Amino acid sequence: MLALGELKEAAKELSVLLVLEGRGTLEEFSEDEVGATGLEHTVEMGAIFVASADTFMRLRAREKPMVVFRAAE
């Protein structure tokens, strides 16, 4: 594992996450608390992920840095 990132704020509306480079895991969960766990997805370059409103996400890059873009209102 090379990097770990959290999208600290949950979008109030639907949001879209695009993986532009790299690969890793994306974990989505409904509460922003220490020790919270959620549904984990494997993502790689070209993946498009749609998250429901009020969803927190944690990203873990594998092998090399992962570049993502998040679009939310």
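**Exercise 1. The loop residue D54**

Task: State which accessibility class D54 falls into, and what its phi angle is.

Solution. Step 1: D54 has a relative accessible area of 39%, so the residue is partly exposed. (Buried means under 20% relative accessible area, exposed over 50% and partly exposed in between, with a 1.4 Å probe and protein chains only.) Step 2: D54 sits in the loop between β4 and β5. Step 3: its phi is near 60 degrees, a positive value in a residue other than glycine. Most residues other than glycine have a negative phi.

The model is a predicted one, in which local features need pLDDT of at least 70 and side-chain atom pairs count only at pLDDT 80 or more, while totals for chains, interfaces and linings use all residues. Residues are numbered from 1 along each chain as its sequence is written, and side-chain values use heavy atoms, with hydrogens and water left out.

**Exercise 2. Confidence and overall layout**

Task: Determine which secondary structure elements the chain has, and where the mean pLDDT is lowest and highest among them.

Solution. Step 1: the protein chain has zero helices and five strands, giving the pattern β-β-β-β-β along the sequence. (Helices, H or I of at least four residues, and strands, E of at least two, are DSSP runs numbered from the N terminus.) Step 2: the average pLDDT of the chain is 80, and 78% of the residues score at least 70. (pLDDT is the predictor's confidence in each residue, from 0 to 100.) Step 3: strand β1 (residues 3-7) has the lowest mean among the elements, 51, and strand β3 (residues 39-44) the highest, 92. Where pLDDT is low, the predicted coordinates should not be read in detail. Step 4: of the 73 residues, 33% are buried. Step 5: among contacts with a separation of 6 or more, 75% join residues 24 or more positions apart. (Contact means heavy atoms within 4.5 Å.)

**Exercise 3. The nonpolar core**

Task: List the residues of the largest nonpolar core and find which strand supplies the largest share.

Solution. Step 1: the core has 10 residues, namely L17, V19, L26, V43, F49, A51, M57, L59, A61 and M66. (A nonpolar core is a set of buried Ala, Val, Leu, Ile, Met, Phe, Trp, Tyr and Cys residues joined through side-chain atoms within 4.5 Å.) Step 2: β2, β4 (48-51) and β5 each supply at least two of these residues. Step 3: β5 gives the largest share, four residues. Step 4: β4 has F49 and A51 on its covered face, and I48 and V50 on its uncovered one. Step 5: β2 and β4 pair in the antiparallel sense over four bridges, and L17 stands opposite F49 in β4. (Two strands pair if DSSP finds at least two bridges between them.) Step 6: the contacts of L26 beyond four places in sequence include L17, V43, F49, M57 and L59.

**Exercise 4. The aromatic pair**

Task: Decide why the pair formed by F29 and F56 is classed as it is.

Solution. Step 1: the structure holds one aromatic pair. Step 2: the ring centres of F29 and F56 are 6.3 Å apart and the planes lie at 25 degrees, so the pair is stacked. (Rings of Phe, Tyr and Trp, its six-membered ring, pair if their centres lie within 6.5 Å; planes under 30 degrees apart are stacked, over 60 edge-to-face and the rest tilted.) Step 3: F29 belongs to strand β2 (residues 15-29) and F56 to strand β5 (residues 56-72), 27 residues apart, so that the pair links distant parts of the chain. Step 4: F29 and F56 are both buried.

**Exercise 5. Buried residues in β2 and β5**

Task: For T25, G22 and R58, give the accessibility and long-range neighbours.

Solution. Step 1: T25, in strand β2, is buried at a relative accessible area of 7%. Its contacts beyond four places in sequence include E40, H41, R58 and M66. Step 2: G22, also in strand β2, counts as buried at 9%. G22 touches E44, M45, K64, P65 and M66, leaving out residues up to four places away. The C-alpha atoms of G22 and M45 are 5.5 Å apart, with their positions 23 residues apart in sequence. Step 3: R58, in strand β5, counts as buried at 11% relative accessibility. The C-alpha atoms of R58 and E27 are separated by 5.0 Å, although the two are 31 residues apart along the chain.
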